[in-house]
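Here are a few exercises to work through with the model open in your viewer. Try each task before you read its solution.

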Amino acid sequence: MKQFICASLIAVSAMMAVVQADKVSAQDSSSAIMPFDFRTDAERLRYQHFSKVLRCPMCQNQNLNGSNAGISTDLRRELYRLISEDYTDQQIIDFMKSRYGNFILYEPPINKATSVLWFTPILLLLLGLVILVSMVRRQTAEIDEVGLSTDELDAVRQELLGVHHGAGSAQAEHDKLSRE
Amino acid sequence: MQRLKLFLPLLIFVLLAALLFGRLGENPEYLPSALIDRTIPDFELPELHDSAKMLTPKDLRGEPGLLNVWASWCFACRVEHPFLTKIASEYGVPLYGLNYKNDIVEAQKWLREFGDPYRFHIVDRSGRLGIDLGVAGAPETFVFDRKGRIRLRHIGIVDDKVWSGTLQPLLQRLRAEQ
């Protein structure tokens with residue numbers, strides 16, 4: 001039975017590996033479908049970079065690379081043209097932004113309208129830290145407030161240990177009795 | 001004070017709920033045009049019925065109007081077409097077509113079948129003008145003023161609600177502008 005379970009586990013994981021490998025190769029081929037001839041590898045890399053950071057204007061959650069929408073095809077062609085015409089990175093971003101606005105960028109720029117988006121998490125984290133520190137401080141203060149001297153504390157500890165040992169030996173006594 | 005602190009989470013919850021509830025029902029796909037208050041980008045493209053005639057942004061100046069992005073392959077365009085026909089004939093709204101990434105013969109056939117309320121059609125075979133206008137697909141409708149500046153971009157079909165709620169009041173305001 002154990003062997004059977006082991007064998008089926010191995011089979012399942014092997015299948016998963018094959019599926020994963022398929023997925024990986026599918027992704028590779030989708031980004032490899034570029035009907036464009038780049039003059040240099042640097043241009044190809046720039047194209048790949050921009051088709052990842054630019055968003056398809058029709059779809060909320062896809063970049064140009066991953067979208068089959070007609071507009072994405074057109075914009076990929078446009079991107080190729082801009083790169084071939086030696087536009088700088090900033091010029092490419094400006095070209096897209098002047099037509100499609102900030103929506104075209106996956107990462108929103110930091111400005112007045114997006115400040116809440118960017119800074120609220122940091123503020124909340126800081127607030128959480130402040131609350132945590134003040135809680136820990138208050139608890140430490142409460143322990144101090146018990147107001148026992150070190151000698152007295154030692155005495156309390158001794159007492160507690162004694163009780164513990166007593167209980168332990170009582171248990172041993174009980175065990176001995178029950179065995180007999 | 002201590003008691004007030006107790007109500008702090010409730011207060012935060014109420015504020016958040018009010019904020020989120022207020023934004024409920026807004027169209028998450030609404031995208032204002034990046035070209036608001038800018039002039040219609042330069043183009044020189046043929047007219048659909050008369051390919052010898054070249055159109056430029058100058059042909060859209062003089063009177064506030066609508067530039068409707070359409071194509072025969074676009075089903076929603078067929079849905080809004082009767083309404084566009086109605087506002088063009090009833091209110092005399094200057095209606096211009098941007099025939100977007102469309103086969104010319106197919107587009108002409110489509111207009112013969114459903115009627116042609118447009119003053120003229122700019123043929124944007126490649127979609128290049130569409131990109132300059134920030135068009136994502138069809139149908140889209142731009143409102144421009146008498147100087148040829150874009151004042152509104154509407155994504156999707158134009159129906160009675162869009163017309164009487166947005167387009168008509170805006171056109172009235174633009175006509176009053178000098």
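**Exercise 1: Fold order and overall shape**

Along its sequence, chain B of this predicted model follows the pattern α-α-β-β-β-α-β-α-β-α-β-β-α. Task: work out how spread out chain B is, given its radius of gyration and the globule rule.

Solution. Start with the inventory: chain B has 6 helices and 7 strands. Next, take the radius of gyration, which is 21 Å. For 178 residues the globule rule gives 16 Å, and 21 Å is well over that, so chain B is more spread out than a compact globule. Now look at the extents: the C-alpha trace spans about 80 × 40 × 30 Å along its principal axes. As for burial, 33% of the 178 residues of chain B count as buried. Finally, check the contacts between residues at least 6 apart in sequence: 73% of them in chain B join residues at least 24 apart.

**Exercise 2: Checking a helix**

Task: take helix H2 of chain B, residues 8–23, and test its end-to-end distance against the span expected at 1.5 Å a residue.

Solution. H2(B) has 16 residues, and the expected span is 1.5 Å times one less than that number, which comes to 22 Å. In the model the end C-alpha atoms of H2(B) are 23 Å apart, which agrees. Then ask how covered the helix is: 0 of the 16 residues of H2(B) are buried, so to speak hardly any cover at all. After H2(B) comes B:Gly25, with a positive phi near 90°.

**Exercise 3: Reading the sheet**

Task: find which strands of the open sheet in chain B stand at the edges.

Solution. First write down the order: 5 strands of chain B make an open sheet, S5-S4-S3-S6-S7, with mixed pairing. Strands S5 (121–124) and S7 (150–155) each have a single partner strand, so they stand at the edges and one side of each is left without a neighbour in the sheet. From one strand to the next, the twist averages 20°.

Now zoom in on one pair. S3 (residues 65–70) and S4 (residues 95–100) of chain B run parallel and are joined by 5 bridges. One residue pair to look up is B:Trp70, whose bridge partner in S4(B) is B:Asn99. Last, add the helix: H6 (residues 160–176) of chain B lies across S6 (140–144) and S7, at about 170° to S7(B).

**Exercise 4: The contact with chain A**

Task: how many residues of chain B are in contact with chain A?

Solution. Count each side: 9 residues of chain B are in contact with 13 residues of chain A. Sorted by type, the chain B side divides into 4 nonpolar, 3 polar and 2 charged residues.

Key. Residues numbered from 1 in each chain as written. Chains lettered and ligands numbered in written order. Predicted model: local features only at pLDDT ≥ 70, side-chain atom pairs only at ≥ 80, totals over all residues. Helix = DSSP H or I, 4+ residues; strand = E, 2+ residues; numbered from the N terminus. Buried ≥ 20, exposed ≤ 12 C-beta atoms within 10 Å, placed from the backbone. Rg over C-alpha atoms; globule rule 2.2 N^0.38 Å. Contact = placed C-beta atoms within 7 Å. Nonpolar A, V, L, I, M, F, W, Y, C, P; charged D, E, K, R; others polar. Pairing = 2+ DSSP bridges. Axes fitted to C-alpha atoms, helices over the stretch in contact; angles between N-to-C directions.
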